[in-house]
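Biologist: Hi, I'm new to this one. Can you walk me through it?
Modeller: Sure, here it is.

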Amino acid sequence: MGKFDPLQPPASLTWDYSDPVNGPTLPAPFFYDPQIFAEEKERIFMRCWHLVGHVNEFSEPGSYVVQDIFEQSVVVTTAKDGNIHAWHNVCRHRGNRLMNERRGKVGGVLRCPYHSWCYNLDGGLRAAPRTEHLDNFSKEDHSLRKVRLEIFAGWVFVTLDPNAPPISEMCDGAEEKMREYLPDLDNVELVEETDVIVNANWKVIQENSIEGYHFDLSGPVHKDLAALIDFQNYTLTAHDDWWTYIGPPTEATEAYGKPLEGATWQTDSFFNIGLFPNTTFYSFPYTDMIGTFIMIPLGPEKSLLRFGYYAPKGREVPEVTKAAIEWMNKELGPEDIELNETNQKGLHSMGFGQGRYLIDESRPNQSEHLVYHFHKLCYQAIKE
Ligand code: FES
Ligand SMILES: [Fe+2]
């Protein structure tokens, strides 16, 4: 690794990542350059697995969820026989977007709002008004087009790439980790979904969530989080296409403004697992819920941050868990989003260019080795 001048913005969009400890960070233009963003779209997001929701959202025939991936849109439906399918969310007549709500439930058909072509929940075209006099028209030729779907650890994923490796192969070992920390993985239901627009590159949001360096150095809410865990033993572990960051429990007496005495919870650790590129499942300390945290790119400097909260079915959501959800939405989330947006602004500065990772084996809980790992996966995906 040669020397680098941190004041000199890189002339080219290449990155020598051979020395994480002494070398430079991913160059700043990777966080705003439209050409890089276009490459990420084609080489990462058109090929990866996208989280749609939990299988329990599809337990009843007619349930559907729409997942947009850039200009593409996929609708996942439950058929009469209970099978879950994914379709390109477009009518085969003249290309109208079929379903326009994020989720819902239909009777027996997906109906196009334009000329009322109706599709069965298994994708077949059931009715196409006034087509009976057309020559060479057969409904069989106009079924919805299928999208690849897999269920992994109880969660429904789709990919637009017919050749993507199975998600279970890509995330070998991840399900075991999830089952270790999330005992109700198969038994949860969605209680809340919140979308927030963040004026930052999707990677800026990801970076922030996968390092503990800023926990006790940034805002007051972060310090509260650090106090809820045994921060000295916060452990961030990289696997190939997935990673975990786990804070063991500490002797807390209250959390999220609520006393812990008499409270109930399933998970006392701060457990997080990230799947490349943009899916995170987590559980806050002393809660009975699974959170999902998805960074959906909308533009080079604009992302949709989607927070999902899933709680065990048939059990009342404990007060401490409700407080944790509120705390994430109103306190921790905004404190991080503010950092995401100021970070995004700074990346444009002529006084930056490339930075330096804090990677220190003697401070593993505060080290940025996962940030490096994630940057490397992104860089390799688009440039190699
Ligand atoms: S575009 Fe859907 S029915 Fe015409
Ligand atoms: Fe943070």
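Biologist: At what angle do helix 1 and helix 7 pack?
Modeller: At about 85°, with the axes 9 Å apart; helix 1 spans residues 34-45 and helix 7 residues 369-383. Axes here are lines fitted to C-alpha atoms, for helices over the stretch in contact, with angles from 0 to 180 degrees between N-to-C directions. Helices (H or I, at least four residues) and strands (E, at least two) are DSSP runs numbered from the N terminus. Before we go on: this is a predicted model, where local features need pLDDT of at least 70, side-chain atom pairs count only at pLDDT 80 or more, and totals for chains, interfaces and linings use all residues. Residues are numbered from 1 along each chain as its sequence is written, chains are lettered from A and ligands numbered from 1 in the order written, and side-chain values use heavy atoms, leaving out hydrogens and water.

Biologist: Which residues make that contact?
Modeller: I36, E39, E40, R43 and I44 from helix 1, and C378, A381, I382 and K383 from helix 7. Contact means heavy atoms within 4.5 Å.

Biologist: Switching topic, what coordinates the iron ion (ligand 2)?
Modeller: H214 and H222, each through NE2, plus D336 through two OD atoms, at 2.1 to 2.5 Å. Donors are N, O and S atoms within 2.8 Å of the metal (3.2 Å for Na, K and Ca), and water isn't among the atoms, so sites may look incomplete.

Biologist: And how are the donors spaced along the chain?
Modeller: As H-x7-H-x113-D. H222 sits in helix 5 (residues 220-228) and D336 in helix 6 (residues 319-347), so that pair ties together parts 114 residues apart in sequence.

Biologist: Are H222 and D336 buried or exposed?
Modeller: Both are buried, and buried means under 20% relative accessible area, exposed over 50%, partly exposed in between (1.4 Å probe, protein chains only).

Biologist: What about the backbone, which peptide bond is cis?
Modeller: The one from F276 to P277, with omega near 5°. P277 is in the loop between strand 16 (270-275) and strand 17 (279-283).

Biologist: What is phi at A153?
Modeller: Positive, about 55°, although A153 isn't a glycine. A153 lies in the loop between strand 9 (146-152) and strand 10 (155-159), and its 3% relative accessibility makes it buried.

Biologist: And where is Y286?
Modeller: In the loop between strand 17 and strand 18 (290-299). Y286 has a positive phi too, near 65°, and counts as buried at 4% relative accessibility.
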